[in-house]
Amino acid sequence: MLIFGIETSCDETACAIIKDGREVISNVVASQIKTHEIFGGVVPEVAAREHLDTINVVINETFENAKKDFNISPDDIDAFASTVGPGLVGCLLVGLNAAKALSLCYDKPYIGVNHLQAHVCANFLESDLKPPFICLLVSGGHTQVIKVDDYDKQEIIASTIDDATGEVYDKAARLMGLSYPGGIKLDKLAQEGNKNAFKLPTAKVKENEFSFSGLKTAVLRLVQSYKGKELPVNDICASFQETITTTLINKTKFLADKYNIKTIVLSGGVAANSRLREKLFELQNEGYKTFAPKMKFCTDNAAMVASCAYFNRIK
Ligand code: KG4
Ligand code: ZN
């Protein structure tokens with residue numbers, strides 16, 4: 001079964017064609033990072049207009065690649081899918097209308113997809129991972145631990161009570177003068193720093209909660225304490241990264257034990273983080289099976305949307 005997916009929930013215009021939920025036939029992502037960099041974050045109205053300008057180009061390129069590499073034509077597609085939420089409404093509407101138009105044109109079904117479930121399904125792409133597993137979803141807007149009992153049976157068992165992980169990364173990076181999106185830049189600098197240089201706080205919350213606002217404030221205070229002096233950016237990045245990844249992995253491991261599930265996987269943009277991946281894979285020494293999506297499937301893309309449409313379709 002071939003599904004054409006579209007993702008436009010935030011600042012990536014993306015289309016993909018996926019076979020049977022796992023095999024990538026074509027995958028195109030146009031990022032808007034350059035546009036939003038000058039504002040220090042995503043401006044919803046600007047993002048929606050850029051999706052409008054870009055969507056047809058990305059659709060055409062996705063079909064062209066499928067023809068060139070696999071001799072697959074638009075008529076061969078079995079269903080069209082798009083992200084319906086959560087996300088920026090003006091942005092979502094661009095992808096949704098494009099997918100519905102294609103489904104009308106080619107007389108094939110339309111499938112609406114939840115963006116977070118799609119992030120989880122990024123783990124099925126080019127892999128043979130099967131449920132059950134525990135998934136730590138860490139993106140720009142969400143932090144959740146999800147119990148995946150089956151392809152179409154997912155339950156949120158923990159989530160943040162304030163900031164999302166990617167959001168804290170971007171805000172901490174901004175406090176240190178790094179440009180948007182700061183997460184990936186903070187990750188790079190952290191690799192050059194001393195992770196034990198500063199002791200940063202970890203919130204005491206319930207077993208089904210995360211909280212990162214205290215950590216964010218601690219970074220602010222630390223940066224302020226260096227006013228007029230050279231900021232030890234690499235050491236602050238490394239200490240911040242160690243604190244947040246330890247919290248995330250410890251809670252996920254605790255919940256995996258609680259539900260007696262021995263496979264732990266990552267998803268979402270922050271799943272691309274070097275230390276988080278390292279800490280996840282270290283769990284193999286403790287008898288867990290671990291898994292993370294390929295780097296290109298961590299941040300927003302449409303391959304995960306098409307995969308999710310396949311696994312969650314009405315059979
Ligand atoms: O999943 P995603 O592409 O978009 C949302 O659905 O939110 O996640 C984007 C987030 C941003 O906050 C970005 O800074 C963060 O993922 N991110 C990272 C890294 N790569 C992307 N954060 C930490 N380390 C990284 N390597
Ligand atoms: Zn996302």
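**Exercise 1. Place Val 265 in the fold.**

Let's start with accessibility: Val 265 is buried, because its relative accessibility is 0%. Buried here means under 20% relative accessible area, exposed over 50%, and partly exposed in between (1.4 Å probe, protein chains only). This is a predicted model, in which local features need pLDDT of at least 70, side-chain atom pairs count only at pLDDT 80 or more, and totals for chains, interfaces and linings use all residues. Residues are numbered from 1 along each chain as its sequence is written, chains are lettered from A and ligands numbered from 1 in the order in which they are written, and side-chain values use heavy atoms, without hydrogens and water.

Next, find the element: Val 265 sits in strand β10 (residues 263–267). Helices (H or I, at least four residues) and strands (E, at least two) are DSSP runs, numbered from the N terminus.

Then list the partners, with contact meaning heavy atoms within 4.5 Å. Neighbours within four places in sequence aside, Val 265 touches Asn 123, Leu 129, Phe 133, Ile 134, Cys 135, Leu 136 and Phe 291.

**Exercise 2. Work out how enclosed helix α10 is, and what covers it.**

Begin with the count: 9 of the 10 residues of α10 (residues 303–312) are buried, so the rest of the structure largely encloses this helix. Among the buried residues are Met 304, Val 305, Tyr 310 and Phe 311.

Now look at the cover, which includes β1 (2–7), β2, β3, β4 (79–85), β5 (110–114) and α4 (115–121).

To relate this helix to Exercise 1, take the C-alpha atoms of Val 265 and Val 305: they are 18 Å apart, with the two positions 40 residues apart along the chain.

**Exercise 3. Trace two salt bridges.**

First, the rule: a side-chain nitrogen of Lys or Arg lies within 4 Å of a carboxyl oxygen of Asp or Glu. This gives 17 salt bridges.

Take Lys 294 and Glu 126, whose side chains meet at 2.7 Å, N to O. Lys 294 is in the loop between β11 (289–291) and α10, and Glu 126 in the loop between α4 and β6 (133–138), so the pair ties together parts 168 residues apart in sequence. Lys 294 is partly exposed at 40% relative accessible area, and Glu 126 is partly exposed at 39%.

Now turn to Arg 275 and Glu 242, with their closest N and O atoms 2.7 Å apart. Arg 275 belongs to helix α9 (residues 274–282) and Glu 242 to helix α8 (residues 233–258), 33 residues apart. Both Arg 275 and Glu 242 are buried. Finally, shared partners join Glu 242, Arg 275, Glu 278, Lys 279 and Glu 282 into one salt-bridge network.
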